Amino acid sequence: MSVTPDQMKAFCETVVRGREANPDLSLNNYLTDVPRLDSLADLPLGTVVLVRGDTDAKPGAKVGEGDIRLRSMADTLKYGQEKGWVQVVFGHIGREPEKSLDKVAKRLGELLGTNVPMIEDWLDPATTTVTPAVTEAIAAAKPGDVIVLQNTRKYDIERVLWKAKPEQLADLAPQLAKLANELAEKVGTVYVHEAFSAGSLDASSVAVPAAMKRVALGKYAAGEFDGPMQQCLKAALAVFSGIKIDKLDDMEAMISRGTIKQIFASGSLAMAIRKAIGELDDKPVCLGAAEDPANSKAPWYIPPARVEQAKAIVADGREKGITFTVPCDSVIEDGSAKDELSPSDQQFDIGPKSIQHFHDAVTKFIETAPKGSVAFHNGVFGMFEDPRFENGTKSWVPELKRMQDAGINVYVGGGEGGKALELYGEESWVTHNFTAGGTVLNALGSEPVPYLVALREAAKD
């Protein structure tokens, strides 16, 4: 099977446009149309299977340290070993092109009980052709072998869709088609996606499937979507936090499902909500440096349009009986706490009054929510990497345990929220901790998960 540039353009356009391309499709519509690993059970011994793996990990000294994403791939890779496939794993690590998957390959070997070699230079970037090192390694492989390709983000082609507009796809399509066709011709035409956290518009996740004859979602990824994610769709309480103001879109989408009764917000998103509440209640709120147009290039800047969006969300939420809990004081750059920000202040954490305010709100939620209710938490409350600004997040994590102990099912979105749980709590404090934050927000929020869109499109063909 070979994909033409025009076909690749149409394929990628569907992925890049996201919800706009298929406004009526829900998460479960995509999941219904994506094949699962067992659909490949008929593949003959020795079939080469390209596996988009969750390789963005930092393995520690022993199994169980820093390798949760690699362990999440084990069942799928062992399934392929039992079937006698030759599995070629590829994926990224971090955002820096120079980072290596050498430790990842070694840890996969430890998990699978076999030697897992890594091919360093698997693509010629000048011609977008798969190198002879790959075809030679596949030719020498035995049924059940696993091979790892070096960091996909080593090559520019992997990242060209990150900021691409639909009108740019015609120019990008020929090179993307070349990459996909090279992998199909020289590696294999069967593709398994077992990278739950790989929610970016990487070519390996959203363009390569276009040239595949058969595609499937791996065991772990499918299990996350079919199990814990379905529970999160029923969340009565949602905690949104972090620096990204575009999480307002995801909040809006979650509210629209009609199950949310309580919203906790912190970070930039909470600043917008707090400002919106102030304007709706005729109690003006200053957001400090975050609303100064001079900082419009900063990731924590809150444009007026987002405040207007927040006002619409709060107004709609209040009509639906939703309670919004936001910070009432802030820790600024010098480490002091202030009830009201001055125009030059920047918020780095929530203050002690907010910590108590959140604690009291959790108490009320526990008292009123039926047993078995679902709470979803994502992100962190401040710049917790700096000990001066970790107190908000550090104080919040025990609240998750308090809800869990009271019979609330607590789900953590992973990413920074998962890291905070690891630092300040224990895995047992929550019902489930996902291995990815962005993917979970996409699935629950305003945009479909890009790789599910790609798998659905590939399966249709």
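The following questions and answers examine ring pairs, burial and strand pairing in a predicted model.

Residues are numbered from 1 along each chain as its sequence is written. Because the model is predicted, local features need pLDDT of at least 70 and side-chain atom pairs count only at pLDDT 80 or more, while totals for chains, interfaces and linings use all residues; side-chain values use heavy atoms, with hydrogens and water left out.

Q: What makes Phe264 and Phe358 an edge-to-face aromatic pair?
A: Rings of Phe, Tyr and Trp (its six-membered ring) pair if their centres lie within 6.5 Å, and planes under 30 degrees apart count as stacked, over 60 as edge-to-face and the rest as tilted. Phe264 and Phe358 are 5.5 Å apart centre to centre with 80° between the planes, so the pair is edge-to-face. Phe264 lies in strand 10 (residues 262–265) and Phe358 in helix 13 (residues 352–368), so the pair ties together parts 94 residues apart in sequence. Such helices (H or I, at least four residues) and strands (E, at least two) are DSSP runs, numbered from the N terminus.

Q: Why is Phe264 called buried?
A: Buried means under 20% relative accessible area, exposed over 50%, and partly exposed in between (1.4 Å probe, protein chains only). Phe264 has a relative accessible area of 0%, so Phe264 is buried.

Q: Why is the pair of Phe348 and Phe389 called stacked?
A: The ring centres of Phe348 and Phe389 are 4.8 Å apart and their planes lie at 25°, so the pair is stacked. Phe348 is buried at 17% relative accessibility, and Phe389 is buried at 1%.

Q: Why does Glu390 have no salt bridge?
A: A salt bridge requires a side-chain nitrogen of Lys or Arg within 4 Å of a carboxyl oxygen of Asp or Glu. Lys and Arg count as positive and Asp and Glu as negative, whereas His and the chain ends are not counted. For the buried Glu390, the nearest side chain of opposite charge, Lys394, is 4.1 Å away, so the criterion is not met.

Q: What makes strand 15 largely enclosed by the rest of the structure?
A: Five of the five residues of strand 15 are buried, so the strand is largely enclosed. Val374, Phe376 and Asn378 point one way from strand 15, and Ala375 and His377 the other way.

Q: How do you know that strand 15 pairs with strand 9?
A: Two strands pair if DSSP finds at least two bridges between them. Strand 9 (residues 237–240) and strand 15 are joined in the parallel sense over four bridges, so the criterion is satisfied. Leu237 stands opposite Ala375 in strand 15.
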